[in-house]
Amino acid sequence: MATQSIEHAVRESYGRLVAILSARDRDIAAAEDALADAIVAALESWPDQGIPDQPEAWLVAVARRRLVDRARRKATGTAVAHSLAVLTELSAEVDPAIPHFPDERLKLLFVCAHPAIDPSMHAALMLQSVLGLDAARIAAAFVISPDAMARRLTRAKVKIRDAGIGFELPDQRDLAGRLAPVLDAIYTAYGSGWEGLAGDARPDDLASEAIWLGRMLNELLPDQPEALGLLALMLHLEARRAARRKPDDGYVPLADQDPARWSSQFLNEAEATLRRAGRFGQTGRYQLEAAIQSAHVGRRLTGAPDMATIASLYDALFRHAPVLGVAVARATATAEADGAEAGLRLLDEIEPARVAAYQPYWAARAELLARADAPEARDEALLAYERAIDLSNDPAIRAHLATRRVRLLS
């Protein structure tokens, strides 16, 4: 019972507690260490002494005492003496009788996605500082070594501390621009879980953590249509998780998935969230991506998606976000609506250097060439399949592409 209470307090409140502990001196690493010490202390004392009436207040009070103790051990001069005075003041701020703390997680999200921080670290920082994931788990999702990830996270936190990055929300006029990196980081986290854990329906996977962040962001910023769009997009994708794999873990493309295996609960929430976003009348990238996924869901009623509508939505999305992944998906959708040659023309418009190591491009090119009428298309398709197979990290996708290649040879 005590262990479950600690897990609940950490799960529900980790980001809030880290934000509270680090807001004054901006030292996220020290706050995380102090909170970790408090959690250990709780594991040691709560089973015998009982669970306090306000577990969060207990954790914060113990963590702040740890911060004071550490500062005292480092005290060497007047500057540190001043820090000690601040920490001592902080240690007295928590009243165990007060059940709730100010929710500073939104500020922490904006700190993690600050322009001064390496953009490649935004998502990892959020996952660790807001959700409490350890560096090893984050490293596995981003396919780098745990030591390398730990070093990068440490450098980012030192940057926040030494650069004096403020724990504050942007002005309303700057909010849209500063919100975009937060949304992108959450989607990066989701994408890492979606690709790295495909077919794994564990409730604690990285994709679920990203959805948790998306829900939290919309709770704290309920009037931002793009934040709603992102949540709707992730929910639509998550609805299809079980359908992406066969019983033997084989890969199932979207066009071949059984809609009966899509989660109605996730789809209903996704559609409701997208409708809420649409009421603002401010179309953006994530709303368009969610709308595309919503259009695919129409297949549940009609047996086939409206590919003309989906291709049109991709054209609009490409105008908002002309990034590589959108360009490739747009070409594929156009091929479904207007024929393989139309899709190949759009693929040919992409600069070759950008796609040299981009697996989705070669997989899409192989599929479209296999359907094309040109005499040389078959040989080009075989080469594209080889390239896509070589670039695939997922064994199930490699096997799927290899099967498609063999079928083309027969």
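Biologist: Before we look at helix α15, what does "buried" mean here?

Modeller: A residue is called buried when its relative accessible area is under 20%, exposed when that value is over 50%, and partly exposed in between. Please keep in mind that we are looking at a predicted model.

Biologist: Okay, so which residues of α15 are buried?

Modeller: In α15 the buried residues are Met 307, Ile 310, Ala 311, Leu 313, Tyr 314, Ala 316 and Leu 317, and the buried residues of this helix pack against α13 and α16.

Biologist: How far does α15 reach from end to end?

Modeller: Helix α15 covers residues 307-320, which is 14 residues, and the distance from its first C-alpha to its last is 20 Å, close to the 20 Å expected at 1.5 Å a residue.

Biologist: You mentioned α13, so is that helix mostly covered or mostly open?

Modeller: Helix α13 is mostly covered, with 11 of its 13 residues buried. Among them are Tyr 286, Leu 288, Ala 290, Ile 292, Ser 294 and Val 297.

Biologist: And what about the length of α13, what should we expect and what do we get?

Modeller: The 13 residues of α13, numbered 285-297, should span 18 Å at 1.5 Å a residue, and the end C-alpha atoms are 19 Å apart, which agrees.

Biologist: Let me zoom out for a second. What is the whole chain built from?

Modeller: The protein chain has 21 helices and zero strands. Of its 410 residues, 49% count as buried, and among contacts between residues at least 6 apart in sequence, 66% join residues at least 24 apart.

Biologist: With helices everywhere, how do people describe two that pack together?

Modeller: Two packed helices are described by the angle between their axes and by the distance between those axes.

Biologist: Then how do α11 and α12 pack?

Modeller: Helix α11, residues 225-239, and helix α12, residues 264-278, pack at an angle of about 160°, with their axes 8 Å apart. Angles over 145 degrees count as roughly antiparallel, so α11 is roughly antiparallel to α12. The crossing of these two helices is left-handed.

Biologist: Which residues meet there?

Modeller: On the α11 side they include Leu 228, Leu 231, Leu 235 and His 236, and these α11 residues meet a set in α12 that includes Phe 266, Leu 267, Glu 271 and Leu 274. Sorted by class, the residues of the contact of α11 with α12 are 11 nonpolar, three polar and four charged.

Biologist: Glu 271 caught my eye, so is it buried or exposed?

Modeller: Glu 271, which lies in helix α12, is partly exposed, because its relative accessible area is 24%. If we leave aside its neighbours within four places in sequence, Glu 271 is in contact with His 236 and Ser 294. Glu 271 and Ala 290 are 19 residues apart in sequence, and their C-alpha atoms are 8.8 Å apart in space.

Biologist: What about the loop between α11 and α12, which residue there should I look at?

Modeller: You could look at Asp 249, which is found in that loop and has a positive phi of about 75° although it is not a glycine. Asp 249 is partly exposed, with a relative accessible area of 41%.

Biologist: New topic: how do α16 and α19 cross?

Modeller: The axes of α16, residues 324-338, and α19, residues 359-371, come within 10 Å and cross at roughly 20°, which makes α16 roughly parallel to α19. Their crossing is left-handed. The residues making this contact include Val 328, Ala 331 and Ala 335 of α16, and Tyr 361, Ala 364 and Leu 368 of α19. By class, the contact of α16 with α19 has seven nonpolar, one polar and two charged residues.

Biologist: One more pair, then: how do α5 and α6 sit against each other?

Modeller: The axes of α5, residues 105-112, and α6, residues 122-129, come within 8 Å and cross at roughly 150°, so α5 is roughly antiparallel to α6. Helix α5 passes α6 in a right-handed crossing. Here Leu 108, Leu 109 and Cys 112 in α5 meet His 122, Leu 125, Met 126 and Ser 129 in α6, and these residues divide into five nonpolar, two polar and no charged.

Conventions. Residues are numbered from 1 along each chain as its sequence is written. This is a predicted model: local features need pLDDT of at least 70, side-chain atom pairs count only at pLDDT 80 or more; totals for chains, interfaces and linings use all residues. Side-chain values use heavy atoms; hydrogens and water are left out. Axes are lines fitted to C-alpha atoms, for helices over the stretch in contact, and angles run from 0 to 180 degrees between N-to-C directions. Helices (H or I, at least four residues) and strands (E, at least two) are DSSP runs, numbered from the N terminus. Angles under 35 degrees count as roughly parallel, over 145 as roughly antiparallel, 65 to 115 as roughly perpendicular and the rest as oblique. A crossing is left-handed if the near helix is turned anticlockwise from the far one by less than a right angle, and right-handed if clockwise. Contact means heavy atoms within 4.5 Å. Ala, Val, Leu, Ile, Met, Phe, Trp, Tyr, Cys and Pro count as nonpolar, Asp, Glu, Lys and Arg as charged, and the others, Gly among them, as polar. The expected span of a helix is 1.5 Å times one less than its number of residues. Buried means under 20% relative accessible area, exposed over 50%, partly exposed in between (1.4 Å probe, protein chains only).
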